[in-house]
Amino acid sequence: MTTRRDFLKLLGTTAAAGAIGNAAMARARGYAGKRPPPGKRRFTSDTVERELARVQALIGDPKLAWMFANCYPNTLDTTVELGTLDGKPDTFVITGDIEAMWLRDSSAQVAPYLPLAKQDRALQRLFHGLIQRQARCIRIDPYANAFMPDPHAQPLSWARQDQTDMKPGVGERKWEIDSLCWPIRLAHGYWRATGDAAPFDDDWRAAMHLVVNTFRDQQRKHGRGPYHFQRTSDRPTETQALEGYGNPTRPNGMIHSAFRPSDDACIYPLFVPANLFAVVSLRQLATMSRTIHHDGAFADECTALADEVAQATHRDGRLHDADGDVWAYEIDGYGNRLFMDDANAPSLLSLPYLGCCAADDPLYRRTRERAWSEHNPYFFRGTAAEGIGGPHEGLRMIWPMAITVRALTSSDATEIRQCLRWLRDTDAGTGFMHEAFDQDDPAHFTRAWFAWANSLFGELIVKLADTRPALLRNP
């Protein structure tokens, strides 16, 4: 049976360069731009183009400047579809090489443009439409991770025989805690950046109530809850054990997750990074509910659930090591704990990036060091680079996203420079980030068109331009 992973392996743009006309582009004259011609771009923002030119002019390395120009606008250039649905702005954002929208990916893909939204009405409409579309998706099914453009469409081809409660318009129905966290992160980020409360209407509020109810159901205090999932596959990471409910747990107040943000099945359903992310999201939702809607009762409910999940995760979600405690990756409530890390966020490495802790938090620092080492079975070191991968693409396959997150969460100039060199030198000459590449051979890679990885790389470069421009001038 064909799965998403099989489909992606079948997929492998070269287009005319956009006229940017700055010094950095002149230095990068030997590299042909990979953006679509202006007339074929899905969405154009003068504000984004100005930001691209500003940042690119600060980059001393020609190839890095060229890659930034390709990657930073890639989501807008290639994945955005604007429209109107039920009389409201509507934005559908595909993940790249699949004509479907993941709640997680779509939120992360547009994140680099949030700081520019206040001064750009077109961007505001894009965000308004995406927030509304995500709320509509959650109301269709809060347990789904991916959705189709047509709310009445059949699922993605590899999901059509899944044994679960599939709804029309759902692309895939893998329950992942972070699928509900990312839309809150996007909504909160948009509201903070612009002060615009227009997207947060009664339909959005109904979706947020579903989020909280789903989190409560998946604490599984009173039974296994309504979600189950099974798929016929030769890969155990594609399905769930025990009639689709997953491996046994002792409920402890944490939220259960069937799948990780990689879309791979959890081994132990109490997935620590996603629970920490949920705590942040619930507190953001409480702030929005109290401030925008003056709904103190719902805000209190969000805060109480956040406190409960935080207490349980901090109590049970750690491993005791001779050098001090570290975060576990997954636990089962019976005392069994798994240590590893995966490249997709939320991950242990990404906790400060998602606001779950400070980057200098001692518990995080110990965890980070352990995750970026042979203690993590999915840490790979080769002749091309070193980094974190995961079961999704298998052994030896490093994900550029993990290298980017390492740089985003680092305060060490040497470490950041090394990450930039790895990212620059493992694109296989394409000018874009990929899903994963072989530790010794970057020409062996998966997903030529993976918009989240491109956006994340663009986000890193903009952050460095604003905080450490010397690293870009002399990488």
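**Group meeting: a walk through the predicted chain**

Let me start with charge. The chain carries 55 positive and 59 negative side chains, and the centres of the two sets lie 3 Å apart. Keep in mind that this is a predicted model.

Now the overall build. There are 16 helices and 15 strands in the chain. The radius of gyration is 21 Å, close to the 23 Å that the globule rule gives for 475 residues, so the chain is as compact as a globular protein of that length. Along the principal axes, the C-alpha atoms fill a box of roughly 65 × 55 × 45 Å.

How much of the chain is buried? Of the 475 residues, 62% are. As for the surface, the chain exposes about 17100 Å². Carbon and sulfur atoms supply 50% of that area.

Next, the largest pocket. Its volume is about 420 Å³. Which residues come closest to its centre? They are Ala111, Pro112, Leu114, Pro115 and Glu459, out of 22 that line the pocket. Three helices each supply at least two residues of that lining: H6 (103–110), H8 (177–194) and H15 (451–467). H8 gives the most, with 6 residues.

Stay with H6 for a moment. Is this helix enclosed or open? It is largely enclosed by the rest of the structure, because 8 of its 8 residues are buried. Two of those buried residues have names you might not guess: they include Arg104 and Asp105. Leu103, Ser106, Ser107, Ala108, Gln109 and Val110 are also on the buried list.

Just before H6 comes strand E3, residues 101–102, and Met101 sits in it. Met101 has 0% relative accessibility, so it counts as buried; the cut-off is under 20%. Here is one distance from that residue. The C-alpha atoms of Met101 and Ile403 are separated by 24 Å, and the two residues are 302 apart along the chain.

Now some backbone geometry. Most residues other than glycine have a negative phi, and most peptide bonds are trans. This chain has exceptions to show you.

First stop, a cis peptide bond. It joins Ala345 and Pro346, with omega at about 10 degrees. Where is Pro346? In the loop between strand E10 (337–338) and helix H12 (362–371).

Then two residues with positive phi. His294 is not a glycine, yet its phi is about 55 degrees. You will find His294 in the loop between helix H10 (272–292) and helix H11 (296–316). Buried or exposed? His294 counts as exposed, because its relative accessibility is 67% and the cut-off is over 50%.

Arg447 is the other one. Its phi is near 65 degrees, again positive in a residue other than glycine. Arg447 belongs to the loop between strand E15 (445–446) and H15. H15 is one of the helices that supply the pocket lining. Arg447 has a relative accessibility of 2%, so it counts as buried.

Last, the end of the chain. Asn474 is placed in the segment after helix H16 (469–473). It counts as exposed, at 54% relative accessibility. Which residue does Asn474 pair with in a C-alpha separation of 9.6 Å? Leu58, which is 416 residues away along the chain.

To recap, briefly. The largest pocket takes lining residues from H6, H8 and H15. H6 is largely enclosed, since 8 of its 8 residues are buried. For the backbone, look at the cis bond between Ala345 and Pro346, then at the positive phi of His294 and of Arg447.

Methods:
Residues are numbered from 1 along each chain as its sequence is written. This is a predicted model: local features need pLDDT of at least 70, side-chain atom pairs count only at pLDDT 80 or more; totals for chains, interfaces and linings use all residues. Side-chain values use heavy atoms; hydrogens and water are left out. Helices (H or I, at least four residues) and strands (E, at least two) are DSSP runs, numbered from the N terminus. The radius of gyration is taken over C-alpha atoms; the globule rule is 2.2 Å times the number of residues to the power 0.38. Buried means under 20% relative accessible area, exposed over 50%, partly exposed in between (1.4 Å probe, protein chains only). Accessible areas come from the Shrake-Rupley method with a 1.4 Å probe; for residues, only the protein chains shown count as cover. Lys and Arg count as positive and Asp and Glu as negative; His and the chain ends are not counted. The place of a charge is taken as NZ of Lys, CZ of Arg, CG of Asp or CD of Glu. On a 1 Å grid over the protein atoms alone, a cavity is a set of points where a 1.4 Å probe fits but cannot get out, and a pocket is an open set with protein on both sides within 12 Å along at least five of seven lines; lining residues have an atom within 4 Å of a point. Grid points are joined across faces, edges and corners, and a volume is the space filled by probe spheres set on the points.
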